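Please read the following as a guided walk through one protein model, taking its pockets, a sheet and a loop in turn.

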Amino acid sequence: MTTLRIANVRPYGEDATDLYVEDGRLVEHLDDPDETLDGDGLVALPGLVDLHTHLREPGGEEAETVATGSAAAALGGYTAVFAMPNTNPTQDSPVVVEHVWHRGREVGLVDVHPVGAVTVGLGGERLAEMGMMAASPAGVRVFSDDGRCVNDPLVMRRALEYARSLDAVVAQHAEDHRLTVGAQAHEGPVAARLGLAGWPAAAEESIVARDAMLAAAAGARLHVCHLSTAGSVAVLRWARETLGAQVSAEVTPHHLLLTDTAAEDYDPVHKVNPPLRPEADTLALRRALAEGDVDCVATDHAPHAVEAKDCEWSNARPGMLGLQTALSVVGATMVEGGLLDWRGVARVCSEAPARIAGLPDHGRPIAPGEPANLTLVDPAARWTVRGAELASIADNTPYEGMELPVSVVHTMLRGRWTVRDGKVGQW
C-alpha cells in the first residue's frame with residue numbers, strides 16, 4: 001500500500017491542512033510520500049455510515065446487488081453500510097448473513113454489515129437465530145424486521161432481552177399494522193383530497209412509546225428506524241428523560257426534505273414507508289436532528305425494479321433510492337438551512353451511526369492514529385439528479401431533475417481510494 005499526502009483539505013470544513021496516510025491509517029507526517037493528491041480546499045469528513053440500506057441480494061438482484069449498491073454507497077461518501085434483512089431468502093440465519101458479508105468483502109468498496117432478522121422469515125412469531133448470527137463471521141450486532149413491525153409485544157420483549165445479552169441493538173420499524181391496513185399516504189388533508197387511504201401518525205408513535213417502555217424494562221438498546229413525526233420526537237424525549245430508556249433514532253433524507261404534498265402528482269416514486277409527512281413534521285425532524293433528539297441520518301435506500309414502481313399508486317411498492325443523494329439532501333436542509341455545520345454533519349452521518357452499531361473503526365476523528373476512512377466533498381458544487389445516471393440498477397429517485405448542493409469528489413476506505421474524482425473503483 002502506497003503512502004499518501006492529501007494536501008490542502010479542510011477537516012470538518014475548518015482550516016486547511018495536509019493529511020498523511022500510511023498502512024491504512026492517518027499519521028502525523030510523511031517526509032517523502034509515494035503520492036500527493038491536491039485536495040483543493042475540499043471538506044474532509046470521516047467516511048459516512050448508513051444504518052439502513054436495502055441491497056436486495058440475495059433474491060432481488062433485478063433491483064440491486066451488493067456490487068451496485070456498494071458502488072452507489074461509495075459514490076455517496078459511505079465507507080460502511082448495514083444491509084437490511086428483507087431479502088429472499090431472509091437474512092435470518094448464519095448462512096444468509098455470511099453470504100451477504102462475504103459478498104461485501106469480495107466487492108470491497110464499502111464495509112457491508114448484514115442486519116439479522118429478529119424473527120424467522122420476518123413473520124413476527126418466532127425469534128430468529130440471533131445468537132448464531134452474532135457468533136458467525138458476519139458478527140451481526142443489529143437486528144431488525146424492517147419493512148415489518150415486530151407487533152407482538154411479548155416477541156419484542158424477548159428480542160430486546162436476547163439482544164442485551166449479545167450487546168446488540170434491535171432496530172424497530174415502528175408501525176402498528178392494525179392502524180395502517182390499506183393506508184397509502186399520511187392521514188390528513190392531502191390524502192383526503194387525493195382519495196388515498198390515510199396512514200395515521202399514531203401508528204408510528206404508539207409503537208415507539210411501547211417499545212421504549214419495553215427497552216427500559218429490559219435494560220436493552222432500541223433503535224427506531226426512519227422516525228417521521230413530531231409526535232415520535234416527543235415520545236423519544238419522554239422515554240429518555242422519564243424512563244431512562246436507551247433508545248436511538250434515525251431520520252431519512254426524504255423525510256427531511258419532502259412533504260406529503262409530493263403525492264399530488266400520483267407518481268409512485270413518492271410512495272414510501274413510513275409515508276411523507278406534512279411540513280410541520282419535516283421542520284420538527286430537522287430541529288430534532290440538529291438538537292440531538294434524533295441521533296442520525298439513515299438513507300433507507302430502497303431500489304425497486306421498474307414494474308414495482310411504474311404502475312398505479314395503490315399497487316406500487318414503497319421505497320426510494322438514497323445513497324448517492326443523502327449527503328446532498330443533508331447539505332440542502334441542514335447546512336444551507338443553518339442548522340448544522342460540517343462537524344454536525346460528521347456527527348449525524350458518521351459518528352452517531354457508527355456508535356449505535358458498535359463499529360470501532362468508523363466514525364472516528366480525523367486525527368493521527370485513526371483509520372483512514374474519509375470522504376472529501378465539494379460544498380460549493382451543484383448537480384442535477386438523474387436516476388438513470390446513478391450507480392444503482394433501479395432508478396426510483398424522488399429527486400429526479402432536482403438541483404442539489406454538495407458533491408462527493410473522493411472516498412477512501414482504510415487508506416485505499418474507492419472513489420476518485422467522482423469515479424468509483426479501487427486504487
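A pocket, as the word is used here, is an open set of points on a 1 Å grid over the protein atoms alone, with protein on both sides within 12 Å along at least five of seven lines, and its volume is the space filled by probe spheres set on those points. The model itself is predicted. With that in mind, the largest pocket holds about 530 Å³ of space. Its lining is made up of 26 residues, and those that lie nearest the centre of this pocket are G147, H173, N273, R317 and P318. Sorted by class, the lining of the largest pocket contains 12 polar residues, along with seven nonpolar and seven charged ones.

The second largest pocket encloses about 380 Å³ of space, and 17 residues line it, with L75, Q324, W383, L390 and V408 lying nearest its centre. Several elements contribute to this lining: the helix α11 (326-335) and the strands β16 (374-384) and β17 (403-413) supply at least two residues each, and the largest share, three residues, comes from β17. By class, eight of the residues lining the second largest pocket are nonpolar, six are polar and three are charged.

From the pockets we turn to a sheet. Strands of a sheet pair through backbone hydrogen bonds, in either a parallel or an antiparallel manner. In this model, five strands form an open sheet in the order β9-β10-β13-β14-β15, and their pairing is parallel. Why do β9 and β15 each have one side without a neighbour in the sheet? The strands β9 (142-144) and β15 (296-297) stand at the edges, where each has a single partner strand, and therefore one side of each is left without a neighbour in the sheet. For β9, three bridges make the connection to β10 (residues 169-172), with the two strands running parallel; one residue to look for here is F143, whose bridge partner in β10 is V170. Helix α6 (residues 202-218) packs on the sheet, where it touches both β10 and β13 (221-224), and the direction of α6 makes an angle of about 165° with that of β13.

A last stop is D267, which is found in the loop that lies between α8 (253-257) and α9 (279-291). Is D267 buried, partly exposed or exposed? Because its relative accessible area is 34%, and partly exposed covers values between the buried limit of under 20% and the exposed limit of over 50%, D267 counts as partly exposed. Between the C-alpha atoms of D267 and L42 there is a separation of 37 Å, and these two residues are 225 residues apart along the chain.

Definitions and conventions:
Residues numbered from 1 in each chain as written. Predicted model: local features only at pLDDT ≥ 70, side-chain atom pairs only at ≥ 80, totals over all residues. Heavy atoms only, no water. 1 Å grid on protein atoms, 1.4 Å probe; cavity = no way out; pocket = protein on both sides within 12 Å on 5 of 7 lines; lining within 4 Å. Nonpolar A, V, L, I, M, F, W, Y, C, P; charged D, E, K, R; others polar. Helix = DSSP H or I, 4+ residues; strand = E, 2+ residues; numbered from the N terminus. Pairing = 2+ DSSP bridges. Contact = heavy atoms within 4.5 Å. Axes fitted to C-alpha atoms, helices over the stretch in contact; angles between N-to-C directions. Buried < 20%, exposed > 50% of the residue type's maximum accessible area, 1.4 Å probe, protein only.
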